[in-house]
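Here is a guided walk through one protein model. Keep the sequence and the 3D view side by side as you read.

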Amino acid sequence: AWRFDDLPADISSFSLVLGIIIVETLEKLGIHGVRLKWPNDLYFGRAKLGGLLTEVIGEPQGESYVIAGIGINVAMPETARSQIDQEITDLCSVGTAPGFSRNRLVAALINSMCEHIPTYALKGAKAFLERWPAYDICKGQSVRLLMARNTVQGVALGIDAQGRLLLKTERGVEAFISGEISLRFNS
């Protein structure tokens with residue numbers, strides 16, 4: 001949980017900021033090659049490594065809290081893998097640095113968030129989102145964006161300065177603030 005005196009205007013981009021912080025923390029731990037799938041999934045190659053969810057509690061003007069749930073597969077047993085209907089991986093499978101442990105991972109993530117979230121609170125998401133293209137697994141891919149009442153198909157073009165997904169659709173380039181991407185890699 002993180003407490004904000006006033007909720008940042010670009011709070012809808014917070015999960016993207018956290019994703020960047022997580023990937024960069026993993027890199028500092030010697031785990032390279034993790035990518036982000038808008039808005040909140042971690043991938044290694046074509047396999048899902050984890051994800052994150054955020055929830056805001058409070059009022060836009062005044063004290064608010066953002067609760068972040070982060071799930072990263074560290075050592076996934078084969079019995080669990082067989083029950084999941086998509087390709088997944090874990091940190092032990094992608095190769096971890098000597099001395100790696102869950103405790104070290106959690107400590108590194110907490111320290112990184114304590115270091116970077118105050119910057120986000122002061123300056124906003126812009127400085128972080130500029131780094132998104134280096135980690136974007138969707139850019140150039142054909143995707144389906146699933147929303148509450150409809151589905152939009154298109155080619156992912158990245159994100160804009162507000163963290164909205166840009167899709168090239170039959171209607172042109174459209175920006176989306178929420179939804180879930182279904183990504184199927186071309187062979």
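## A pair of valines, and the sheet around them

Start at V56, which stands opposite V66 in β5. The model is a predicted one, so treat each position below as computed. The pairing of β4 and β5 is antiparallel and runs over nine bridges. These strands also form a hairpin, with five residues between them. In that hairpin, look for G62, which takes a positive phi near 130°.

Now step back to the whole sheet. How many strands does the open sheet have, and in what order? There are five, in the order β1-β5-β4-β3-β2, and the pairing is antiparallel. The edge strands are β1, residues 2-4, and β2, residues 34-37. Each of these edge strands pairs on one side only. From one strand to the next, the twist averages 25°.

Two helices pack on this sheet. Helix α1 covers residues 14-28 and touches β1, β2, β3, β4 and β5, the last being residues 64-72. The direction of α1 makes about 135° with that of β4. Helix α4, residues 102-123, packs on the sheet too, touching β1 and β5. The direction of α4 makes about 15° with that of β1.

Zoom in on one residue of the α1 helix. S15 is found in helix α1. Is S15 buried or exposed? S15 counts as buried because its relative accessibility is 12%, and the cut-off for buried is under 20%. Leaving out residues up to four places away in sequence, S15 touches P39, L52 and T54.

Next, follow the hairpins on the β2 side. β2 and β3 pair in the antiparallel sense over four bridges. Within this pairing, L36 has L42 in β3 as its bridge partner. Three residues lie between β2 and β3 in their hairpin. Strand β3, residues 41-44, then pairs with strand β4, residues 47-58, again antiparallel and over four bridges. Here Y43 has K48 in β4 as its bridge partner. The hairpin of β3 and β4 has two residues between the strands. In its turn, G45 has a positive phi of about 65°.

Strand β4 also brings us to the surface. I57 has its place in β4. Together with Y65 and I67, I57 forms a nonpolar patch on the surface. The accessible area of these three residues together is about 240 Å². Why does I57 count as partly exposed? The reason is its relative accessible area of 45%, a value that falls between the cut-offs of 20% and 50%.

Turn now to charge. Side chains of opposite charge can pair when their charged atoms come close. The model has 10 salt bridges by the rule used here. One of them joins D41 and K37, with the closest N and O atoms 3.2 Å apart. D41 counts as buried because its relative accessibility is 6%. K37 counts as buried as well, because its relative accessibility is 5%.

Another salt bridge links R81 with D90. Their closest N and O atoms are 2.5 Å apart. Both R81 and D90 are buried.

What about E130 and K126, whose side chains meet in a salt bridge: what is the N to O distance? The distance is 3.9 Å. E130 counts as exposed because its relative accessibility is 55%, and the cut-off for exposed is over 50%. K126 is exposed too, because its relative accessible area is 57%.

One last link takes us back to the D41 and K37 pair. Salt bridges that share partners join K37, D41, K48 and E180 into one network. K48 has already appeared above, as the bridge partner of Y43 in β4. So find K48 in the 3D view, and trace both its roles: the strand pairing with Y43, and the salt-bridge network with K37, D41 and E180.

Definitions and conventions. Residues are numbered from 1 along each chain as its sequence is written. This is a predicted model: local features need pLDDT of at least 70, side-chain atom pairs count only at pLDDT 80 or more; totals for chains, interfaces and linings use all residues. Side-chain values use heavy atoms; hydrogens and water are left out. Two strands pair if DSSP finds at least two bridges between them. Axes are lines fitted to C-alpha atoms, for helices over the stretch in contact, and angles run from 0 to 180 degrees between N-to-C directions. Contact means heavy atoms within 4.5 Å. Patches are made of residues with over 30% relative accessible area and no salt bridge: like charges are joined within 9 Å, nonpolar side chains (Val, Leu, Ile, Met, Phe, Trp, Tyr) within 5 Å. Accessible areas come from the Shrake-Rupley method with a 1.4 Å probe; for residues, only the protein chains shown count as cover. A salt bridge is a side-chain nitrogen of Lys or Arg within 4 Å of a carboxyl oxygen of Asp or Glu. Buried means under 20% relative accessible area, exposed over 50%, partly exposed in between (1.4 Å probe, protein chains only).
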